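The following exercises are to be worked with the sequence and the coordinates at hand. Each task is followed by a solution in steps.

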Amino acid sequence: MSGNKKGWRPELPSLLTVPYLVICAFFLIFPLTALIRTSFQDGFAGWIRVMQNSTYFIALKQSLLLAAWTTVEASIAGAALALVWARRLKRHGWFLAILNFAAHNGGISLAFAIVATLGTNGMLTILLKKAGINLYPGFQLSSIQGLHWAYLSFLIPFMSMIFLPAAGALRQEWMEAASTLGAGKFQYAFRVAGPVLLPAYLSSTALVFLQALGTYATAQAISGDNVNLITIQIGYLIQQSLFRHADANALSFILLIIMVFVVLIYRYANRKAARWLE
Amino acid sequence: MKHATSYDNKSQEHWFMWLITGFFLIYTFLPLIATLLFSLARRWTTTILPESWTINAYVQVFRDPAFVGTMGRSLFLSILASIIEVGVVILALLALNIGKNRIGDWLEALAIIPVALPGVVLAIGVVSFYGEFLPVLLGQPVLLIGAEAAFGLPFVYWTLQNSFRAINVKLLYEAACTLRCTTFQFLTGILIPSLKRGIAVAGAMAFATAFDDFALAQLIVGAGWETYPVLLNKYFRIDGHQTSAMSMIAIIITFLFTSVAGYLSQPDQNVQKEDDFIIQKKASDMGETVKA
């Protein structure tokens with residue numbers, strides 16, 4: 001009996017991972033392999049066709065531009081927000097609640113909220129008009145510039161959320177130690193806090209970039225397919241007809257390569273950051 | 001003198017903090033207020049606040065049979081996806097903690113994929129794969145439920161991993177084994193109760209992610225099994241009034257789940273430490289009893 005049990009126990013742990021692996025296999029790995037395989041179906045012909053198509057090329061360029069622009073702004077604002085709140089969270093749980101909500105409030109409903117705020121008859125548009133500032137016709141919500149405001153509303157809190165652990169790891173004693181040794185505020189910032197936070201800042205920024213590049217729902221609802229972004233192109237192609245699937249596959253693969261590259265940066269920075277977080 | 005400067009720095013810091021926090025709060029809530037006012041406005045063109053009010057938009061929403069259908073589907077989808085996610089992750093992490101640690105890196109690498117993966121790319125992958133091997137499943141909700149479950153894994157994995165770190169699972173499990181608990185008894189009687197906070201946070205986030213998702217729903221099943229965001233998108237350019245009320249409902253649901261999850265995940269070290277201590281003590285007590 002007990003011999004029986006001993007033979008059975010060691011296998012149990014691996015069995016427990018089966019449901020997890022099944023979900024990952026059938027809904028991540030197999031689909032991705034199928035995607036990569038089909039994008040090479042007719043050799044590199046599909047690739048060349050896609051890269052020569054100026055619409056797709058502009059889509060890729062604009063997506064990267066929008067992602068880079070919003071990432072720079074969101075990472076600075078988000079990190080600042082995390083730094084001022086990192087020590088206060090214990091007594092102010094409400095802030096974390098709002099932060100988490102804002103970071104995850106995306107999709108179609110956010111798109112509508114942004115239109116209701118910054119659209120031609122939006123609340124902020126009217127407020128500004130009363131104050132003597134006319135947004136329109138110079139401003140357009142259905143543009144890279146307009147989408148940028150929508151993206152920031154979830155990217156800033158998202159950056160804050162993921163940067164908070166690092167910001168919290170900054171110890172009060174380090175600042176005191178530095179000032180005992182005669183360091184000024186700037187010296188502390190550049191030689192102590194900066195180097196400690198930089199890896200975590202980079203890894204968080206990489207995640208923000210990924211989030212910005214992959215955004216689809218908000219962008220397509222606000223622009224109504226009018227702004228040429230790579231995710232909007234892919235979504236459009238899938239819904240059009242089966243014949244366009246090859247293009248969608250090739251575009252997805254390009255996006256995937258960029259993603260892998262950014263994930264590698266993330267992992268590298270994250271490993272460096274882990275030194276201070278444990 | 002020294003006191004004066006430190007006080008000065010403090011108030012300066014405070015001033016900066018409230019400036020950027022205020023900016024953030026306005027950025028977050030102004031669009032929501034605009035949506036709420038829009039949904040309650042009868043006439044609103046050039047004034048700051050609506051000229052007259054009505055709740056017609058909400059009446060219209062609740063009378064719309066499509067609302068009931070899509071809301072039902074979305075709730076079903078999100079609840080099922082979050083149960084699947086939390087379930088498979090708990091089992092996998094249990095395996096990781098009581099077994100050899102070789103698989104850990106693999107499980108973690110798999111959990112990173114959805115972070116980097118845009119919904120549209122996963123959607124087209126799912127459509128390509130099942131279109132080739134199991135075309136009967138195309139457009140079926142099971143594909144969407146599976147994809148949502150996979151897509152939400154990272155947050156669930158990381159949240160629960162942190163909860164696992166806070167308790168010594170191996171010790172608990174060994175004690176339970178010696179006391180002849182079955183693995184099922186161990187799961188329901190010891191592990192799940194000691195992880196309840198982590199499970200609540202992970203489950204709420206998984207629910208909110210699946211509920212809000214548009215890319216996977218639109219591209220994998222689309223009109224065949226319309227979810228709430230897909231309907232919302234359809235109405236977006238047809239009826240602004242009804243869309244505003246529907247957006248408000250979606251925002252409130254998202255707010256409930258994400259804010260509770262955010263609140264529960266605050267670093268509440270005192271409570272947690274105590275819990276750990278009690279749990280570890282219980283485990284070591286158990287161990288000692290057995291030894292004796």
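**Exercise 1.** Leaving aside its neighbours within four places in sequence, with which residues is B:Leu30 in contact? State also where B:Leu30 is found and whether B:Leu30 counts as buried or exposed.

*Solution.* The model is a predicted one. Begin with the location: B:Leu30 belongs to helix 1 of chain B, which covers residues 2-40. Next, count the C-beta neighbours inside 10 Å; there are 20. A residue is buried if 20 or more other C-beta atoms lie within 10 Å of its own, so B:Leu30 counts as buried with its 20 neighbours. Finally, set aside the residues within four places in sequence: B:Leu30 is then in contact with A:Thr117 and A:Leu124.

**Exercise 2.** Describe the contact between chain B and chain A: how many residues of each chain take part, and how do those of chain B divide by class?

*Solution.* Count each side separately: 78 residues of chain B are in contact with 70 residues of chain A. On the chain B side, helix 1 of chain B provides the largest share, namely 13 residues. Sorting the residues of this side by class gives 54 nonpolar, 21 polar and three charged.

**Exercise 3.** Which residues touch the most other members of the largest nonpolar core, and which helix supplies the largest share of that core?

*Solution.* The largest nonpolar core holds 179 residues. Within this core, B:Val89, B:Ala123 and B:Ile220 touch the most other members. The largest share of the core comes from helix 3 of chain B (residues 65-98), with 15 residues. For B:Ile220, discount residues up to four places away in sequence; the residues touched are B:Ala123, B:Val126, B:Val127, B:Leu143, B:Leu144 and B:Ala147.

**Exercise 4.** Characterise the fold and overall dimensions of chain A: how many helices and strands does chain A have, and what is its radius of gyration?

*Solution.* Start with secondary structure: chain A has 14 helices and zero strands. Turn then to dimensions. The radius of gyration of chain A is 24 Å, whereas a compact globule of 278 residues would have a value near 19 Å. Along the principal axes, the C-alpha atoms of chain A fill a box of roughly 85 × 65 × 35 Å. Burial comes next: 45% of the 278 residues of chain A count as buried. Last, consider the contacts in chain A with a separation of 6 or more; residues 24 or more positions apart account for 77% of them.

**Exercise 5.** Which domains does the assignment give for chain A, and how many residues does each contribute to their contact?

*Solution.* The domain assignment gives domain 1 (1-39) and domain 2 (47-277) of chain A. Taken over C-alpha atoms, the centres of these two domains are separated by 34 Å. The contact takes four residues from domain 1 of chain A and four residues from domain 2 of chain A. By class, the domain 1 side has two nonpolar, two polar and no charged residues.

**Exercise 6.** Examine two backbone features: what is the omega of the peptide bond from A:Tyr136 to A:Pro137, and what is the phi of B:Arg180?

*Solution.* Omega is near 5° for the bond from A:Tyr136 to A:Pro137, and this peptide bond is cis. A:Pro137 is placed in the loop between helix 8 (123-130) and helix 9 (144-169) of chain A. B:Arg180 has a positive phi of about 65° although this residue is not a glycine. B:Arg180 lies in the loop between helix 8 (169-178) and helix 9 (183-194) of chain B. B:Arg180 is exposed, because 8 other C-beta atoms lie within 10 Å and the cut-off for exposure is 12 or fewer.

Technical notes
Residues are numbered from 1 along each chain as its sequence is written. Chains are lettered from A and ligands numbered from 1 in the order in which they are written. This is a predicted model: local features need pLDDT of at least 70, side-chain atom pairs count only at pLDDT 80 or more; totals for chains, interfaces and linings use all residues. A nonpolar core is a set of buried Ala, Val, Leu, Ile, Met, Phe, Trp, Tyr and Cys residues joined through C-beta atoms within 7 Å. Helices (H or I, at least four residues) and strands (E, at least two) are DSSP runs, numbered from the N terminus. Two residues are in contact if their C-beta atoms, placed from the backbone, lie within 7 Å. Ala, Val, Leu, Ile, Met, Phe, Trp, Tyr, Cys and Pro count as nonpolar, Asp, Glu, Lys and Arg as charged, and the others, Gly among them, as polar. Domain bounds come from an automatic or database domain assignment. The radius of gyration is taken over C-alpha atoms; the globule rule is 2.2 Å times the number of residues to the power 0.38.
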